[in-house]
Amino acid sequence: QGDFERFKQQTGLSNAQVRRRLGTGYSAATISTFCNLKSGDEYSRAGDVDRIARGLNQFMEQYARNLDAPRPSGFVETKVATRILSPIQSAVKLRAIGVVYGPAGVGKTMTFQAAQQIMPGSIYIRVEKSTRSMSGLAEAICDALRISCGRTLYKRQRAINDALKGTDRPILIDEAHYLSNDALDLLRDIHDVCGVPLCLGGTVDLNAKVSDTAAWYGQFASRVALRYDVAQDLSRDVRRKAPLFSVDEIIQCFRSDKVRLT
């Protein structure tokens with residue numbers, strides 16, 4: 001009983017959540033009765049005491065093994081997800097440019113997708129081979145805005161400016177380290193002309209690109225108000241909450257545990 005109570009405190013799981021994971025043959029009421037048993041208490045189904053105890057022990061051991069097992073693609077630490085969301089939201093409030101960078105596989109893409117749902121009106125673009133150039137990126141933004149983009153870059157940029165000016169709609173660019181310098185220049189123009197916030201996510205190469213004061217004479221670097229290095233949290237040996245595996249879990253975590261930038 002004592003081990004199970006400590007386990008629930010450490011994991012935050014309730015009797016009902018444990019019951020669902022144990023499967024058939026267990027009920028929240030039975031587990032609760034088991035937890036409240038005291039020495040000398042009579043229990044009408046004494047055989048259930050040993051069965052429930054064995055089931056709970058096996059569950060706790062399996063749960064601990066699962067935490068140590070390699071995580072599948074899409075795994076992201078709770079702390080990392082909330083830390084990524086914080087500078088994104090701050091950049092939106094400041095109408096500034098924010099940059100989030102770190103190694104592959106830490107959950108940047110999932111968290112950017114969650115940010116799109118958390119912030120209404122957000123425009124999410126994942127950079128692919130066809131959208132690395134200035135023209136390709138402009139077309140992708142037009143598609144996201146569901147506007148006619150025209151056949152020339154001039155018409156696409158005018159259409160984007162007309163659609164975004166005065167809206168404060170955040171633009172979230174994932175895998176931004178693949179963007180060409182001209183494509184980054186396009187984003188800078190959109191940010192300046194439309195006044196919309198811009199958040200870029202990518203590898204450490206992205207930080208190097210936007211920090212290069214030789215490019216555009218430092219015009220892009222001077223507009224980056226917020227930077228977050230995901231690796232700095234991954235390198236810390238700290239106790240973290242239960243891992244997240246989906247965009248919905250990230251959204252739920254963020255809404256239940258607001259993070260304030262200090």
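Which exposed residues does the face of α3 turned away from its buried side carry? The views below take up this question along with three helix pairs. The model is predicted, with local features needing pLDDT of at least 70 and side-chain atom pairs counting only at pLDDT 80 or more, while totals for chains, interfaces and linings use all residues. Residues are numbered from 1 along each chain as its sequence is written, and side-chain values use heavy atoms, with hydrogens and water left out.

**View A. The two faces of helix α3 (residues 28-36).** Helices are DSSP runs (H or I, at least four residues), numbered from the N terminus. T30, I31, F34 and C35 are buried in α3, where buried means under 20% relative accessible area and exposed over 50%, with partly exposed in between (1.4 Å probe, protein chains only). Down the axis of α3, the buried residues fall within an arc of 140°, so they line one face of the helix; the arc is that of the directions from the helix axis to the C-beta atoms. The face turned away from that buried side carries the exposed residues A29 and N36.

**View B. Helix α2 (residues 15-22) packed with α3.** Their axes lie 9 Å apart at an angle of about 120°; axes are lines fitted to C-alpha atoms, for helices over the stretch in contact, and angles run from 0 to 180 degrees between N-to-C directions. α2 and α3 are therefore oblique to each other, the word for angles that are not under 35 degrees (roughly parallel), over 145 (roughly antiparallel) or 65 to 115 (roughly perpendicular). From α2, the contact takes in N15, A16, V18, R19 and L22, and from α3 it takes in A28, I31, S32 and C35 (contact means heavy atoms within 4.5 Å). These residues divide into 6 nonpolar, 2 polar and 1 charged; Ala, Val, Leu, Ile, Met, Phe, Trp, Tyr, Cys and Pro count as nonpolar, Asp, Glu, Lys and Arg as charged, and the others, Gly among them, as polar.

**View C. Helix α5 (residues 78-94) crossing helix α12 (residues 247-256).** Here the axes come within 10 Å and cross at roughly 70°, and α5 and α12 are therefore roughly perpendicular to each other. T78, A81, T82, L85 and Q89 of α5 meet I250, C253 and F254 of α12. The contact has 5 nonpolar, 3 polar and no charged residues.

**View D. Helix α8 (residues 153-164) with helix α9 (residues 181-194).** This pair packs at about 40°, axes 10 Å apart. On the α8 side, look for Q157, I160, N161 and L164; their partners in α9 are L186, D189, I190, V193 and C194. By class, this contact has 6 nonpolar, 2 polar and 1 charged residues.
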